[in-house]
Amino acid sequence: WLRRVRTRQVLVLACVVLVLSIAGIVWISRDDAQAYSFDTKWRRTEPDPKEIYLRKIPRVIWQTVKSHKVPKLASDAGESWTRLNPTYDRIALDDSEVLDYVKRYYNETEFQLFKSMPVGVMKADFFRYMVVYMHGGVYADADTINLQTVDAWVNRDCEFVVAPEDNDAFFCQWAFAAIPRHPILKRLIELIFEQLANGPDYSNPHFVHAVTGPSIWTNAIREVLEISEDEKLNPFILTDRAKALTRDQGICWLTTEQLDRALRNLSAHDNPEFNQVGWSNWFAEAGEVNKKTAFGASEEE
């Protein structure tokens, strides 16, 4: 009888210890989740073992549209990519699919920050970085016509392919290519999330450009590759330093002439036919946000 009592006491004590241990683990996990709300799997520099075979730029073309109901002009632009690149998969995600994607691959804090962006084009900007970072491939705006096969202007032995804009100040982000988890895209995503978490200055008339657009894109490239801020980009990509980056880090540069031969941009932002299906004029959208942010209080008074 005494032995049975002692056995029960030991079992009860063991259960109490187990419950407290589990509670402690849960408590620690919650604390860690709060302390490292941005420390998710996408921050890994190296791919998962299952992605090692993707060390070359994958044969996939990513695009995003507001709706899959597109006018013929947009349909023809998309078809040019499919027709010229039969060995590539072309994946175009609409707004709802983009949200589903971000919710699946990013944590809840990051998903809410993504949703908080007030202008649709900001989400389109951010998504292109997110999806190419995660899976690799080629990105091109949906209002671009493919004039040359992707293999003619994207060397798949490279790890990051980019062209400067003709203004010498920014790198082009309406068409680029990369391997999965490239450190430039990793740093870019970090910078954008940090801005969103701290609260962007939406009274700045150029906030789209600064928070998700060519400004922050170029800043991330300059930072990771240690290109000085006063370096003019078109002359830079022809220098010995740029050639060394190609040789040592797999950074491949396209001149603006090469990009113009490969693609033609239809400027959807200024085209009413595109606007009908949701390619909004982001200048107008940004202006509305600016008015609400900068002048909302005074207008209410």
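This section describes the confidence, sheet architecture, aromatic pairs and one helical residue of a predicted model.

The mean pLDDT of the protein is 79, and 70% of its residues reach a value of 70 or more. Two stretches of low confidence deserve separate mention. Over residues 1-5 the pLDDT stays under 50, and the model has 0 contacts beyond four places in sequence for this stretch. Residues 276-287 also have a pLDDT below 50, but here the model contains 29 contacts beyond near neighbours in sequence.

The strands considered here belong to an open sheet of 6 strands, arranged in the order E2-E1-E3-E6-E5-E7 with mixed pairing. The edges are formed by strand E2 (89-93) and strand E7 (251-253); each has a single partner strand, so one side of each is left without a neighbour in the sheet. On average, neighbouring strands are turned by 20° against each other when direction is ignored.

Within the sheet, strand E1 (residues 60-64) pairs with E3 in the parallel sense over 2 bridges. Trp62 has Tyr139 in E3 as its bridge partner. Helix H5 (residues 120-135) packs on the sheet, where it touches E1, E2, E3 and E6, and its direction makes about 160° with that of E1.

Antiparallel pairing is found on both sides of E6. Strand E3 (residues 137-140) is joined to E6 by 4 bridges, and the two run antiparallel; in this pairing Gly137 stands opposite Ala178 of E6. Strand E5 is likewise antiparallel to E6, with 2 bridges between them, and Val161 stands opposite Ala177 of E6. The side chains of E6 (residues 175-178) alternate in direction: Ala175 and Ala177 point one way, Phe176 and Ala178 point the other way, and all are buried.

The structure holds 13 aromatic pairs. In one of them, the ring centres of Phe160 and Trp217 lie 5.9 Å apart and the planes meet at 35°, so the pair is classed as tilted. This pair links distant parts of the chain, since Phe160 lies in strand E5 (residues 160-162) and Trp217 in helix H9 (residues 214-225), 57 residues apart. Phe160 is buried, with a relative accessible area of 0%. Trp217 is buried as well, also with a relative accessible area of 0%. Both residues belong to a cluster in which ring pairs link Tyr129, Tyr139, Phe160, Phe176 and Trp217. The cluster therefore includes residues already encountered in the sheet: Tyr139, the bridge partner of Trp62, Phe160 of strand E5, and Phe176, a buried residue of E6, are linked through ring pairs, in a structure where paired rings have centres within 6.5 Å.

Asp151 provides a contrasting environment. This residue is located in helix H6 (residues 150-153) and is partly exposed, with a relative accessible area of 39%. With residues up to four places away in sequence left out, Asp151 touches Arg59, Tyr88 and Arg156. The contact with Tyr88 includes a polar contact of 2.6 Å between the side chains of Asp151 and Tyr88. The C-alpha atoms of Asp151 and Thr87 are separated by 10.0 Å, although the two residues are 64 residues apart along the chain.

Methods. Residues are numbered from 1 along each chain as its sequence is written. This is a predicted model: local features need pLDDT of at least 70, side-chain atom pairs count only at pLDDT 80 or more; totals for chains, interfaces and linings use all residues. Side-chain values use heavy atoms; hydrogens and water are left out. Rings of Phe, Tyr and Trp (its six-membered ring) pair if their centres lie within 6.5 Å; planes under 30 degrees apart count as stacked, over 60 as edge-to-face and the rest as tilted. Buried means under 20% relative accessible area, exposed over 50%, partly exposed in between (1.4 Å probe, protein chains only). Two strands pair if DSSP finds at least two bridges between them. Contact means heavy atoms within 4.5 Å. A polar contact is a pair of N or O atoms within 3.5 Å; within protein, one must be able to donate a hydrogen and the other to accept it, and residues adjacent in sequence count only if both atoms are side-chain atoms. pLDDT is the predictor's confidence in each residue, from 0 to 100. Axes are lines fitted to C-alpha atoms, for helices over the stretch in contact, and angles run from 0 to 180 degrees between N-to-C directions.
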